[in-house]
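Q: Got a minute to go through this one with me? I'd like to start with the helix in the middle of things and work outwards.

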Amino acid sequence: MKHYWHIILYGSLLAVLVFLLKWLQWKFLVTDNAVEIYVGLAALLFTALGGWLASRLISRRVQTVVIEKEVVRTVAADGIDDEARRKCQFSAREYEVLELLVKGYSNAEIAEQLFLSLSTIKTHVSNILFKMDVKSRARAIEKAKRLKITR
């Protein structure tokens, strides 16, 4: 209903303007160029009015809401932030691979340590990088240490 008010107002203005133009034509400006003058003025007026109306109807109103919330982080006795670890949503195996990455193991060494194939380890490393939103092993290790999700 809010947008219909603008449309009704726009239509009413058009009707009033047409009436005014016809009245002026009959009363005052009956010349050879009257039609061109009326058409030009009407075009300018309706272009401006249409642009204004379109900007009002299309514009989005953004409302910013600020919510303040106290965040309490608990760090386990071993120094691992369990909440941050849960947010990463690692599987148990991915977390084991991450721990070995942080210790400096290569993919081949991790595969040997966990009795998995090299391609499986590469898949786990790829998943870890994706879940941590990083591009390299070094950045994953740095972020894991910063978030305190590994020993």
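**Helix H4 and its surroundings**

A: Sure. Helix H4, residues 92-102, is mostly covered, with eight of its 11 residues buried. Keep in mind that this is a predicted model.

Q: Which residues of H4 are the buried ones?

A: They are Glu94, Tyr95, Val97, Leu98, Glu99, Leu100, Leu101 and Val102.

Q: And what covers the buried residues of H4?

A: The cover includes helix H3 (82-88), helix H5 (107-114), helix H6 (118-132) and helix H7 (137-147).

Q: OK, on to the largest nonpolar core. How many residues does it have, and which have the most contacts inside it?

A: The largest nonpolar core has 23 residues, and Phe90, Val97, Leu98, Met132 and Ile149 have the most contacts inside it. H3, H4, H5, H6 and H7 each give two or more residues to this core.

Q: Which element gives the most to this core?

A: H4 does, with six residues. As a general point, nonpolar side chains in soluble globular proteins tend to be buried together.

Q: Let's switch to charges. How many salt bridges does a search of the whole structure find?

A: Three. One of them joins Lys131 to Glu94, with the closest N and O atoms 2.7 Å apart. Lys131 lies in helix H6 and Glu94 in helix H4, so this pair ties together parts that are 37 residues apart in sequence.

Q: Glu94 again! Is Glu94 buried or exposed, going by its relative accessible area?

A: Buried, with a relative accessible area of 5%. Its partner Lys131 counts as partly exposed, at 33% relative accessibility.

Q: What does Glu96 form a salt bridge with?

A: Arg93, and the closest N and O atoms of that pair are 3.3 Å apart. Both residues lie in helix H4, three residues apart, about one turn of the helix. An α-helix has 3.6 residues a turn, so residues three or four places apart point the same way.

Q: How much relative accessible area do Glu96 and Arg93 have?

A: Glu96 is partly exposed with 33%, and Arg93 is partly exposed with 30%.

Q: Then where is the bridge between Arg146 and Glu142?

A: In helix H7, where Arg146 and Glu142 are four residues apart, separated by about one helical turn. Their side chains meet at 3.1 Å, N to O. Glu142 is partly exposed, with a relative accessible area of 41%.

Q: New topic: backbone angles. What is the phi of Gln89?

A: Gln89 has a positive phi of about 55° although it is not a glycine. As a rule, most residues other than glycine have a negative phi. Gln89 is found in the loop between H3 and H4, and at 60% relative accessibility it counts as exposed.

Q: And what about the phi of Asp133?

A: Asp133 is not a glycine either, and its phi is positive, about 60°. Asp133 lies in the loop between H6 and H7. At 67% relative accessibility, Asp133 counts as exposed.

Q: Back to H4 for a second: which residue with a positive phi follows H4?

A: Gly104, with a phi near 100°.

Q: What about the surface? Which residues make the nonpolar patch there?

A: Tyr4, Ile7 and Ile8 make a nonpolar surface patch of about 340 Å². Ile7 has its place in helix H1, residues 2-27, and Ile7 is partly exposed, with a relative accessible area of 47%.

Q: Zooming out, how many helices and strands are there in the protein?

A: Seven helices and zero strands. From the N terminus on, the elements run α-α-α-α-α-α-α.

Q: What share of the protein's residues is buried?

A: Buried residues make up 25% of the 151 residues. The protein exposes about 11700 Å², and carbon and sulfur atoms supply 61% of that area.

Q: Last one: among contacts between residues at least 6 apart in sequence, what share joins residues at least 24 apart?

A: That share is 56%.

Note on methods. Residues are numbered from 1 along each chain as its sequence is written. This is a predicted model: local features need pLDDT of at least 70, side-chain atom pairs count only at pLDDT 80 or more; totals for chains, interfaces and linings use all residues. Side-chain values use heavy atoms; hydrogens and water are left out. Buried means under 20% relative accessible area, exposed over 50%, partly exposed in between (1.4 Å probe, protein chains only). Contact means heavy atoms within 4.5 Å. A nonpolar core is a set of buried Ala, Val, Leu, Ile, Met, Phe, Trp, Tyr and Cys residues joined through side-chain atoms within 4.5 Å. Patches are made of residues with over 30% relative accessible area and no salt bridge: like charges are joined within 9 Å, nonpolar side chains (Val, Leu, Ile, Met, Phe, Trp, Tyr) within 5 Å. Accessible areas come from the Shrake-Rupley method with a 1.4 Å probe; for residues, only the protein chains shown count as cover. A salt bridge is a side-chain nitrogen of Lys or Arg within 4 Å of a carboxyl oxygen of Asp or Glu.
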